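Biologist: I'm new to this one, so could you take me slowly through how the helices towards the end of the chain pack against each other? I'd like to know which residues do the touching.

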Amino acid sequence: MGKYKNQDELNLCYSSLIGGIYFMDVKVKNDPTKRTFQQFIFPFTLEGKMIEKFVGKLLEDNFVFLNLKDMEQQNQFYGGHKVSHRKLEKYFMPYIEPILFPGNAKQKEGLRRFTKKLDIDCTFESPYLNTPFIINSIDIFICPFHIGMMNLRVTLPEGLSHNDVLYFGDTFRILEPIADDEEKTKVGCRENQYEQVKDFIFNELLPPIEEYIDEEQADPTYFGSLPFFIDERMYVISYTAFPENRDISKNDLFRISELNGYDNDGEPYIGALNPDYIEKYYQERVYDRWGKETYYVTSMYHFACVTKATGKLEQELASEMYGQHFYTLLLFFYYKIVLLKLAHEHSQIDVEKDQSDTEQLIFMITQFSAKYLFTEVNSTAIGKELFKKTDETFRIAPLYKEVKETLSYLYQNQDKLAGKRSNYLLQILTIYTVVSGIFGMNLYIEDWKGKLPWKEYMDYTLYEWVAVIVTTSGLIISGILGFIFLKKWLQEKKSRKKRML
C-alpha cells in the first residue's frame, strides 16, 4: 500500500482520485436521520496486582457496579432508553450469565462492569462537520486474563445527515490522529477543548488510569496499547433510525459497515466500485431477516443496526442495541482479544527456557477453552443467526483452532522436556543407588553414634570417606530438590490465578 498506513486511507485516496465518475456510477444518499446513537469500545491491558486497586478507584469516582437485580439501573445509563434486566437474563444461555453478569464486584471470574452516568453536552469540530453531541455514560469492564475494556455511549442530534453520522463515527473512533485531516479534529467539553479523542476520554471522563495499565504490554506509540491488537481506533456499535420513506440500498449498507463518510475533499464516498464485490459483501456481512425495514451489519470495526421501523418496535430495536446485542457483541469481541493474547504470549516465550511461563500458558489456554469460550451464547434462533456473522467476521473459529494447535504443541514439548528432566533425575538416583549397593546398602559408620571430633576425620579410611561424601551429598541434594519442588509448586499455584484474574 506504499505510503498509506492502512486500507482505510488507501480507499479514501482512491475514492477522491476517481471523482465524478465514481459518484455517477454509485449513488450516495445524504438523507437526514431520525435518531442515532453510537458506542465506542476500547480494549487495554491491566497490571495484575493493580486490578483491585483500580476497582476501588472506579467506585471512589462514582462508578456503579452493574447488578441485574437492581431494576433502577435499567433507565439510568442509556440516554432515555430502557434496557430490561429480565430480558438480558433470559436471552443468554445459563452458563454465559455468570460470565457477562457476575453477582457482585468481587466476582473476578466474570466481566465486571462499572458504569458512570454523565449526560454531558460536548462539541465536535472537524473540517467537514461541526455538531454537538451528548456523552450519556461510560463503562469500564474488568475482565479475566487482565483485559480491560472501556465503552462510551454517545447520542447524536436528531436530523443529522447520514453522511455526517458515518463521518462522526469514523473520525471520533480515532484515539490518536494519523492523517493530516484527522489532526484538525477537536472535541469540546465543559470549558475544555481537546485535539485528540484520547486526551478527551482519559482526562475528562475517566480517573487517571496510567498507573493501572500493564507497561510491559503497552506500546509507547499508543496509550494502553495491546501489542497483538490494532487499537489506535475504537470499535463502533451504532443504531440509526431512518424516515419511513427512505430506501436502504446495498450501497448504503456497505458504507455503514465500512464507516465510509467523507473523503479528503469533503465529498461522500463509498469504498468499493465493483457491484459484484458489494453483493458478495452484502451476503457475508448483512443480516436481512427483516429486509427493506431493518438490517444488521457487521465488520471488523463496526456493528450497526439501521431501521425504518416506528413506534414501540423502533424503541425495542434501540433498547436491544444497548442490551442483548451489545452484550453478545462484547462477548465475541472479548473472545477475539483473549485468543490473540494467548497466541501472542506463545510467540514471546522460549519453550525450553521459560518452563514456568509455558506451563502457565497451557493452564490459561485450557481454562479459557473450558470456562469462557462457547459456540452457543444465546437461546434465540434470531440471536444465533445474527451473531453467526459476527463470529465469522471476527474469525473466532480460526483463531481458536490456532490456539488449540498451540496447546497441542506445548503439551508435546512439555512431555519431551519432562522426560529429559526425569532421565537426569533418574541418573542421579541410580548413581546413589549403585554406590549404596556396592556397600551392601549400608553406609553407616560406628563413630557417628556419638560426638566425633573433627580431627578424627583425618584418620578415616577410603571406605569411610566414601560413606561420608555419599551420605552428606545425598541428604543435601534431597533437601535441595524437595525445597525447589515445594517452592515451584507454591509459585505456580499462586501465579496461575494471577495471570488469569
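Modeller: Here is a walk through three helix pairs, one after another. Keep in mind that this is a predicted model, where local features need pLDDT of at least 70, side-chain atom pairs count only at pLDDT 80 or more, and totals for chains, interfaces and linings use all residues. Residues are numbered from 1 along each chain as its sequence is written, and side-chain values use heavy atoms, with hydrogens and water left out.

Let's start with helix H9, residues 311-322, and helix H10, residues 324-348 (helices are DSSP runs of H or I, at least four residues, numbered from the N terminus). H9 and H10 pack at about 30°, and their axes lie 3 Å apart (axes are lines fitted to C-alpha atoms over the stretch in contact, and angles run from 0 to 180 degrees between N-to-C directions). So H9 is roughly parallel to H10 (under 35 degrees is roughly parallel, over 145 roughly antiparallel, 65 to 115 roughly perpendicular). On the H9 side, the contact (heavy atoms within 4.5 Å) uses Glu-320, Met-321 and Tyr-322. Facing them from H10 are Gln-324, His-325 and Phe-326. Sorted by class, that contact of H9 with H10 holds 3 nonpolar, 2 polar and 1 charged residues (Ala, Val, Leu, Ile, Met, Phe, Trp, Tyr, Cys and Pro are nonpolar, Asp, Glu, Lys and Arg charged, the others polar).

Now stay on H10 and bring in helix H11, residues 355-371. H10 and H11 pack at an angle of about 160°, with axes 11 Å apart. That makes H10 roughly antiparallel to H11. Here H10 puts in Tyr-335, Val-338, Leu-339, Lys-341, Leu-342, Glu-345 and His-346. From H11 come Leu-361, Met-364, Ile-365 and Phe-368. The class count for H10 with H11 is 8 nonpolar, 1 polar and 2 charged residues.

Last, look at helix H7 (residues 250-258) and helix H8 (residues 275-285). The angle between H7 and H8 is about 70°, and their axes are 10 Å apart. H7 and H8 are therefore roughly perpendicular to each other. If you want to click through the H7 residues, pick Lys-250, Asn-251, Leu-253, Phe-254, Ser-257 and Glu-258. They meet Tyr-277, Ile-278, Glu-279, Tyr-281 and Tyr-282 in H8. Split by class, the H7 and H8 contact has 6 nonpolar, 2 polar and 3 charged residues.

To pull it together, H9 runs roughly parallel to H10, H10 is roughly antiparallel to H11, and H7 and H8 are roughly perpendicular.

Notes: Helices (H or I, at least four residues) and strands (E, at least two) are DSSP runs, numbered from the N terminus.
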